[in-house]
Amino acid sequence: MEAVTRRHPSIVVLTGAGISRESGLATFRDPDGIWARVRVEDVATPGAFARDPARVHAFYNARRAQLRDPAVAPNAAHLALARFERAWPGGFLLVTQNVDDLHARAGSRRLVHMHGELGKARCGHCGHVAPWQEDLSATTACPSCGRAGGMRPHVVWFGEMPLAMDEIGAALEGCDLFVAIGTSGQVHPAAGFVAEVAGRARTVELNLEPGAMSRAFDERIEGPASETVPALLEALLRDAG
Ligand code: APR
């Protein structure tokens with residue numbers, strides 16, 4: 001039996017808000033970030049939604065509407081990841097913490113949104129998840145059960161379980177290379193992925209500046225994602241021959 005040699009490593013890429021910064025979307029914890037303007041407790045927890053649904057809807061309606069701005073488009077980093085996924089012969093999974101649609105618009109398909117998506121809404125009554133581009137409000141009726149008052153952004157709030165964790169765990173289990181792009185490494189479980197694979201996978205962090213978990217990475221590449229991501233992916237394809 002011919003020994004199975006894994007000539008092409010299996011890769012997991014984790015992205016955060018930094019990859020969408022050059023597409024015109026604010027990050028969360030940069031000085032001009034979202035959490036510098038509004039408090040998590042007021043718009044991104046189940047308690048906030050129970051207390052003041054109109055305020056939470058307004059926050060996500062504005063962010064959802066921003067995705068329809070023609071100036072907000074996938075940048076070179078998103079496009080390079082989509083191209084790489086099609087060219088790479090080994091295993092590949094793109095895990096994003098982002099709720100924007102820029103990876104999908106760039107053409108990424110082997111993609112999971114662990115914090116949900118602005119472009120989807122979920123019914124609190126029946127659990128139905130529907131694509132959603134318009135504003136949501138407390139009177140929005142569920143397209144499935146017809147009841148109003150329960151529709152919410154299909155976004156994971158603080159204190160809620162992230163999505164696709166089984167698929168992500170399986171991909172991390174078998175990966176040979178873990179690349180984190182544009183994330184501050186301050187929110188778990190995503191921030192813990194590097195520690196989960198350390199020692200059995202090569203780990204690389206691409207960021208403008210060191211993140212909270214930088215010391216856990218084997219390698220750090222500093223610079224804007226639109227430059228560092230295409231360069232790294234081209235080098236990986238070149239090395240794979
Ligand atoms: N290129 C690369 N990295 C960048 C760029 C850029 N052009 N611009 C900013 N960054 C980096 C910042 O240095 C920072 O480390 O992106 C990171 C953004 O960090 P955060 O704003 O904390 O965003 P993120 O890590 O995605 O937050 C994780 O926290 O609020 C929750 O659910 C929300 O998914 C989010 C999670």
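Modeller: A polar contact is a pair of N or O atoms within 3.5 Å. The model discussed here is predicted.

Biologist: What makes the pair formed by S184 and the ligand a polar contact?

Modeller: A polar side-chain atom of S184 lies 2.6 Å from an oxygen atom of the ligand. The cut-off is 3.5 Å, so the pair of S184 counts as a polar contact.

Biologist: How much of the ligand does the protein bury?

Modeller: Alone, the ligand exposes 730 Å². The protein buries 95% of that.

Biologist: Why do T183 and W35 count as polar contacts of the ligand?

Modeller: Set each distance against 3.5 Å. For T183, an N or O atom of the side chain is 2.7 Å from a ligand oxygen. For W35, a polar side-chain atom lies 2.8 Å from a ligand oxygen. Both values are within the cut-off, so both pairs qualify.

Biologist: Which residues are closest to the ligand?

Modeller: F28, R29, T183, S184 and N207, out of 23 that surround the ligand. By class, this shell has eight nonpolar, ten polar and five charged residues.

Biologist: Where does the ligand sit?

Modeller: The ligand takes the space of the largest pocket. That pocket has a volume of about 850 Å³. Its lining has 45 residues, with A17, F28, R29, T183 and S184 closest to the centre. Elements giving two or more residues to this lining are α3 (53-66), β8 (202-207) and α8 (225-240).

Biologist: Which element gives the most to the lining of the second largest pocket?

Modeller: α3, with three residues. The second largest pocket has a volume of about 260 Å³.

Note on methods
Residues are numbered from 1 along each chain as its sequence is written. This is a predicted model: local features need pLDDT of at least 70, side-chain atom pairs count only at pLDDT 80 or more; totals for chains, interfaces and linings use all residues. Side-chain values use heavy atoms; hydrogens and water are left out. A residue is near a molecule or strand if one of its heavy atoms lies within 4 Å of it. A polar contact is a pair of N or O atoms within 3.5 Å; within protein, one must be able to donate a hydrogen and the other to accept it, and residues adjacent in sequence count only if both atoms are side-chain atoms. Accessible areas come from the Shrake-Rupley method with a 1.4 Å probe; for residues, only the protein chains shown count as cover. On a 1 Å grid over the protein atoms alone, a cavity is a set of points where a 1.4 Å probe fits but cannot get out, and a pocket is an open set with protein on both sides within 12 Å along at least five of seven lines; lining residues have an atom within 4 Å of a point. A molecule sits in a cavity or pocket if more than half of its atoms lie within 2 Å of its grid points. Ala, Val, Leu, Ile, Met, Phe, Trp, Tyr, Cys and Pro count as nonpolar, Asp, Glu, Lys and Arg as charged, and the others, Gly among them, as polar. Grid points are joined across faces, edges and corners, and a volume is the space filled by probe spheres set on the points. Helices (H or I, at least four residues) and strands (E, at least two) are DSSP runs, numbered from the N terminus.
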